[in-house]
Amino acid sequence: MPDPKMRRRDVLLGAGVVGASALPIAAPPAVAQPAAPAATPAKGAAPAAGPAPAGYTFLKPSEQAFVEAMVDHMIPADELTPSGTDVGLAIFIDRACAGSWGKGDRLYLQGPWKQGSANQGYQLPLTPAELYQRGIAGSNAYCRKTWGKSFDRLAAADKETFLKDLAAGKIMFAGGIPGREFFTMAYQTVMEGLFSDPIYGGNRNMVGWRMVGFPGVGANNAENIKKYNDGTRFTVEPLGIADFS
Amino acid sequence: MARKLPPVDIVIVGMGWAGGIMAKELGPTGLKIVVLERGGPRTTQDDFNIPQIRDDLRFQQRNELMMDVAKDTLTVRNNPSEEALPMRRLGSFLPGEGVGGSGVHWSGHNWRWADQDLKIRSNYEQRYGKKYIPDDMNLKDWGISYAELEPYYEKFEYTAGISGKAGNLNGKIQKGGNPFEGARKKDYPLPPLTAALATNMFTKASNELGFHAFPRPTSQMSKPFTNIDGQQLGQCQYCGYCEKFGCESNAKGSPHITVIPVALKNENVDLRTFSWVQKVLLDSTGKKATGVLYVNVLTGEEIEQPADLVILSGFQLNNVHLLLLSGIGKPYDPKTREGLVGANYCYQAGGGRTGAIQLFFDDRSFNPFMAAGGLGAVVDDFHYNQDFDRAKAGGYIGGATIAAGGSNARPINYHPVPPGTPQWGSEWKREVAKWYQGSVVVNGTGSVMPHPDNCLTLDPTYKNRFGQPLLRMTFDFHENDFKVMSHAVDMSAKIAKAMNPKMMFNNFSKAGWTSVPYQSTHNTGGAMMGSDPRTSVVNKYLQSWDVHNVFVTGAAVFPHNSSYNPTGPVGAMAFWAADAIKNRYLKNPGLLV
């Protein structure tokens with residue numbers, strides 16, 4: 001059951017419906033302000049500030065289409081959450097790639113570069129944002145070769161086959177990047193987008209937290225832990241960083 | 001050419017638990033003391049404030065409080081025949097950085113390592129015979145006794161604030177505590193934390209099987225607490241943001257709110273942050289340190305700080321790295337098996353990666369997010385219990401503690417599902433939603449004994465941001481470690497079964513060590529202590545045998561790794577060594593043994 005507050009993005013970006021090339025890169029401000037009455041302020045008053053627009057800042061159109069298709073496939077709309085795009089996962093991933101993590105913060109990026117054992121961990125000379133871009137290009141090339149279409153246009157069953165093969169390490173992208181490396185990172189960002197604080201763009205309306213009953217950041221449980229040690233479920237409206245700010 | 005500063009009496013490298021204890025204990029001597037910390041300053045109100053500190057993405061996923069591996073990391077490999085490659089991101093372990101060091105983000109588990117560990121070779125030779133110890137296991141007595149350390153354990157417990165229940169008070173076994181612990185003169189300063197449902201079920205099941213479960217001793221304050229220096233700590237709120245985080249309530253015993261501010265009340269103690277020590281400088285004989293060379297990381301300037309005494313108090317890995325970079329002691333070579341510095345590197349087994357039993361219940365909610373770093377109960381029957389016959393349990397040395405009760409349930413990483421569940425899609429979501437509230441882990445944590453292949457050396461290829469060789473870690477689990485964990489998993493499963501779950505699964509495997517998922521920050525060894533300069537790097541007072549005005553604190557001096565967490569003896573031995581320096585070394589500088 002999608003949250004009505006999230007519908008605006010669907011209209012703007014035609015998530016999962018419109019071909020990538022037709023998507024606007026950034027929504028025009030007039031459309032991005034759903035609070036229409038406030039957009040025509042009384043004479044002499046400053047224009048009201050609306051909520052932050054949710055446009056992409058990093059991903060290119062073909063990458064947006066891939067990421068939206070991936071998060072909608074992994075997190076489909078159902079009785080537990082809206083679709084991945086509506087939960088904000090594509091925007092979360094865009095922001096993560098655009099930010100310091102995406103640019104290789106806290107990643108040792110000095111050569112020489114060698115392929116090690118799995119136990120030696122990540123050994124590619126790519127930042128996460130670069131790996132996302134090359135991984136998407138590699139995925140689409142593989143999907144076109146196998147099914148004649150880019151990933152976002154595949155039937156659900158073919159998307160499933162592709163992601164399972166990617167996860168199982170069966171796909172090597174042209175150019176030598178192991179598909180499994182891309183999957184590991186992409187899957188991590190889906191989990192982060194679903195369950196991290198909504199301030200980062202994902203987990204909108206805290207649907208990831210509501211799905212499991214996680215209370216968020218406001219926990220003061222010194223008394224609760226005494227009361228709720230008999231198997232009774234503790235439920236509370238979750239709170240995020242913005243609720244304390 | 002480095003700028004040379006006026007000389008001081010003492011330089012301490014690293015401002016975590018050990019550096020803070022040293023500075024606090026030596027401060028009242030009035031000697032000029034400089035503490036060099038490579039990271040920045042930290043305060044509770046500015047760095048651990050609500051709501052920013054409760055940010056799983058920033059602090060757990062992105063490791064903001066930890067060592068920045070873009071600047072300095074280590075290379076890793078499983079055995080000496082592999083080529084080591086850089087650990088390009090943090091994973092298996094998380095050394096801290098900045099004022100407070102790893103003592104800011106630790107989970108708080110606090111143990112007294114007693115003669116079961118400190119006299120390990122003697123114990124096994126006596127009980128099982130000399131042949132029981134494998135020829136290639138460099139098992140060593142530590143050259144120090146529990147009786148010597150007991151007062152210092154107490155001092156650390158009353159400094160950090162530990163919640164727990166005594167099991168052995170002056171030789172008298174106390175019901176509900178750990179009956180196998182070393183005799184203590186005083187109980188813990190605070191009663192145990194409030195037990196959660198999972199803890200109570202584990203305790204009941206264990207005790208019905210004849211084992212001896214007790215609340216895990218830990219440095220979250222069960223009540224507001226004033227420590228022996230008058231520092232005030234708050235009450236734990238069971239918020240579930242503990243082990244990768246600083247505490248906004250000052251309810252976790254951490255150096256930045258205990259020993260460090262007390263040390264800095266002494267005007268002769270000068271803390272310099274953003275000061276990255278590159279090496280200890282030696283005189284022409286190589287037997288005396290003349291000071292240290294460090295870099296002001298804010299400007300890049302190289303600075304020489306002359307000093308009469310140098311105390312290495314960085315994280316275990318960094319202390320060993322500095323010894324190797326400085327040419328103090330003979331470096332260990334895994335091919336010839338000669339040398340000492342870097343030998344006996346050990347880690348811990350378990351850490352949830354292998355050796356855990358996951359239980360699922362569909363008739364109750366555990367509210368797993370009501371948690372604290374050390375919340376839980378432990379069984380020590382297969383570790384410190386000297387009557388437990390290892391020869392009949394697979395024939396191993398060491399042992400494992402078995403525990404239940406979680407430190408957190410932050411859902412980015414905590415969303416347990418039964419094996420065979422899809423990784424995504426509606427079915428995955430339904431399983432996550434179904435089991436999030438109904439899952440418990442019972443897991444073993446195993447000791448790791450020395451193996452001649454496991455060691456720390458300098459890497460021949462890769463460099464840190466200053467062009468210095470990275471530390472190279474060679475490590476894998478070996479047969480004794482697998483025997484310990486195999487038995488621990490059997491015992492964990494026995495307890496788990498008695499908790500009567502709907503389903504339970506065992507993830508034990510003999511998989512080799514991997515640098516990738518987090519396991520524990522319980523790295524030990526590389527500068528082992530002992531009573532003989534031919535077989536140890538430092539003596540019982542943590543003093544370098546080779547360069548007597550260099551002392552090495554922390555877990556680097558452990559000759560093997562226990563199942564217990566390392567911070568208890570790190571703290572106690574820092575107090576112990578500080579006393580020796582204060583009362584004996586400073587009056588008559590020279591070897592203390």
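## Salt bridges, a sheet and an interface in a predicted model

B:E208 and B:K204 join their side chains in a salt bridge, with N and O 3.3 Å apart. The model is predicted. Both residues belong to helix α7 of chain B, which spans residues 197-208. They sit four residues apart, about one turn of the helix. B:E208 has a relative accessibility of 57%. Exposed means over 50%, so B:E208 counts as exposed. B:K204 is exposed too, at 53% relative accessible area.

**Other salt bridges**

Over all chains, the structure holds 40 salt bridges. Some pair residues that are buried. B:E25 meets B:K24 at 3.1 Å, N to O. Both B:E25 and B:K24 are buried. B:E243 bridges to B:K244, with the closest N and O atoms 3.5 Å apart. B:E243 and B:K244 are likewise buried. The table sets out the pairs, including one that crosses between chains.

| Acid | Base | N to O distance |
|---|---|---|
| B:E25 | B:K24 | 3.1 Å |
| B:E208 | B:K204 | 3.3 Å |
| B:E243 | B:K244 | 3.5 Å |
| A:D78 | B:K429 | 3.0 Å |

The pair B:K24 and B:E25 also belongs to a network of salt bridges. B:K155, B:D229, B:D579 and B:K582 are linked in that network as well.

**The sheet in chain B**

Chain B contains an open sheet of six strands. Their order is β8-β16-β17-β18-β15-β21, and the pairing is antiparallel. The edges are β8 (213-215) and β21 (503-506). Each edge strand has a single partner, so one side of each is left without a neighbour in the sheet. On average, neighbouring strands of this sheet are turned by 20° against each other, direction ignored.

Inside the sheet, β17 covers residues 400-404 and β18 covers residues 439-446 of chain B. Five bridges join these two antiparallel strands. One detail fixes the register: B:A400 has B:G446 in β18(B) as its bridge partner.

A helix lies across this part of chain B. Helix α11, residues 479-498, crosses β15 (356-360), β16 (377-379), β17, β18 and β21 of chain B. Against β18(B), helix α11 runs at about 150°.

**Chain A**

Chain A has 10 helices and zero strands. From the N terminus on, its elements therefore read as an unbroken run of α. Of its 245 residues, 48% are buried. Contacts in chain A between residues at least 6 apart in sequence can be split by separation: 59% of them join residues at least 24 apart. Chain A exposes about 11,200 Å². Carbon and sulfur atoms supply 58% of that area.

**Where the chains meet**

At the interface, 71 residues of chain B are in contact with 70 residues of chain A. Together the two chains bury about 5,800 Å². Of that area, 57% is on carbon and sulfur atoms. Three residues stand out on the chain B side: B:R88, B:W424 and B:K429. They supply 16% of the area that chain B buries against chain A, more than any other three residues.

How many salt bridges are found across the interface of chain B and chain A? There are four. B:K429 takes part in a salt bridge with A:D78, at 3.0 Å from N to O. B:K429 thus appears twice here: among the three residues that supply that 16%, and in a salt bridge to chain A.

How values were computed
Residues are numbered from 1 along each chain as its sequence is written. Chains are lettered from A and ligands numbered from 1 in the order in which they are written. This is a predicted model: local features need pLDDT of at least 70, side-chain atom pairs count only at pLDDT 80 or more; totals for chains, interfaces and linings use all residues. Side-chain values use heavy atoms; hydrogens and water are left out. Buried means under 20% relative accessible area, exposed over 50%, partly exposed in between (1.4 Å probe, protein chains only). Contact means heavy atoms within 4.5 Å. Accessible areas come from the Shrake-Rupley method with a 1.4 Å probe; for residues, only the protein chains shown count as cover. Two strands pair if DSSP finds at least two bridges between them. Axes are lines fitted to C-alpha atoms, for helices over the stretch in contact, and angles run from 0 to 180 degrees between N-to-C directions. Buried area is the accessible area (1.4 Å probe) that two parts lose on being put together, summed over both.
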